[in-house]
Amino acid sequence: MELLLPDEEVEKHGVGEPEHDLTSAGVAVVLGGDGTMLRALHRFLGTEIPVVGVNFGRVGFLASIQQNELESGLARVFSGDYRVVQLTTLEVEVDGRRGAAVNDVVVLSAIRGRMVELAWALGGEDLGVQPCDGMICATPSGSTAYNLSNGGPVLVRGLDAMVVTFIAAHSLHARPMVVPRGLDLEIRNQTPDVDVTVLVDGHQLAEVGLDSPIVIRLGEQRSLLATLPESTFFRRYRETFSS
């Protein structure tokens, strides 16, 4: 078993993350919210170790165990009563740097309040230039986060696709688009006096000037989320967003 705490607990108590070999771990247990879950899913990306969450956050959409179910839920997990869901990831390349995202890659104006003009293409086909505050490229997992708050569609877990959504587009015709595997999204900043910032799951990867390509595609690796059998996507969706 591997245990991860929320960042604020690590800072408050001075508890660092374990440095021992994790290859023999069967499951990673995360106490925290969705931010801590994302950090854990990143940490174990590329391993065979699934991540199960106990919700100590505000939303906890990725967690399947609530605080009041801590003991009983973990007892079930340790007895093997859980299932593993493979989550689609994203890969991004920009200026020689690479990143992997579990939730989303966001391209934003580097100057708050300034609009940018972003050229975009899918599968090598030009789709024009769109004035906007930015663009979101989200996985099915990330479709219920920043993408959803900007009017993008929800992609059900299991879909091998990503969704592209504009942020505050200066157009009546800019609509989100669901994109299958095999089509790369290329974004180029066409604003001479404003850079754009590339965020990978909320963390800055690069700041990009005029015309440098930002390429985003579905990743080859899958992130492994462990859930209790009854904690399905639709149940968590109903519980989280119905109020």
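**Exercise 1.** Which residues point one way from S11, and which the other way?

*Solution.* This is a predicted model, in which local features need pLDDT of at least 70 and side-chain atom pairs count only at pLDDT 80 or more, while totals for chains, interfaces and linings use all residues. Residues are numbered from 1 along each chain as its sequence is written, and side-chain values use heavy atoms, with hydrogens and water left out.

Step 1. Locate strand S11 at residues 161–167; strands (E, at least two residues) and helices (H or I, at least four) are DSSP runs numbered from the N terminus.

Step 2. In a regular strand, side chains alternate between the two faces of the sheet.

Step 3. Ala-161, Val-163, Thr-165 and Ile-167 point one way, and Met-162, Val-164 and Phe-166 point the other way. All of these residues are buried, that is, under 20% relative accessible area, against over 50% for exposed and in between for partly exposed (1.4 Å probe, protein chains only).

**Exercise 2.** State which strands pair with S11, and in what sense.

*Solution.* Step 1. Two strands pair if DSSP finds at least two bridges between them.

Step 2. Strand S10 (residues 134–138) pairs with S11 in the antiparallel sense over five bridges; here Met-135 has Phe-166 as its bridge partner.

Step 3. S11 also pairs in the antiparallel sense with strand S12 (residues 177–180), over four bridges. Within this pairing, Val-163 stands opposite Val-178.

**Exercise 3.** Describe the lining of the largest pocket.

*Solution.* Step 1. On a 1 Å grid over the protein atoms alone, a pocket is an open set of points with protein on both sides within 12 Å along at least five of seven lines, and lining residues have an atom within 4 Å of a point.

Step 2. The lining includes Asp-34, Arg-58, Asn-103 and Phe-241. Helix H2 (residues 34–43) gives the most to this lining, with three residues.

Step 3. The lining residues divide into six nonpolar, four polar and two charged. Ala, Val, Leu, Ile, Met, Phe, Trp, Tyr, Cys and Pro count as nonpolar, Asp, Glu, Lys and Arg as charged, and the others, Gly among them, as polar.

**Exercise 4.** Is Asn-189 buried or exposed?

*Solution.* Step 1. Asn-189 lies in strand S13 (residues 185–189).

Step 2. Asn-189 is buried, because its relative accessible area is 0%.

Step 3. Not counting residues up to four places away in sequence, Asn-189 touches (heavy atoms within 4.5 Å) several residues, among them Val-116, Leu-118, Val-196 and Leu-210.

Definitions and conventions. On a 1 Å grid over the protein atoms alone, a cavity is a set of points where a 1.4 Å probe fits but cannot get out, and a pocket is an open set with protein on both sides within 12 Å along at least five of seven lines; lining residues have an atom within 4 Å of a point.
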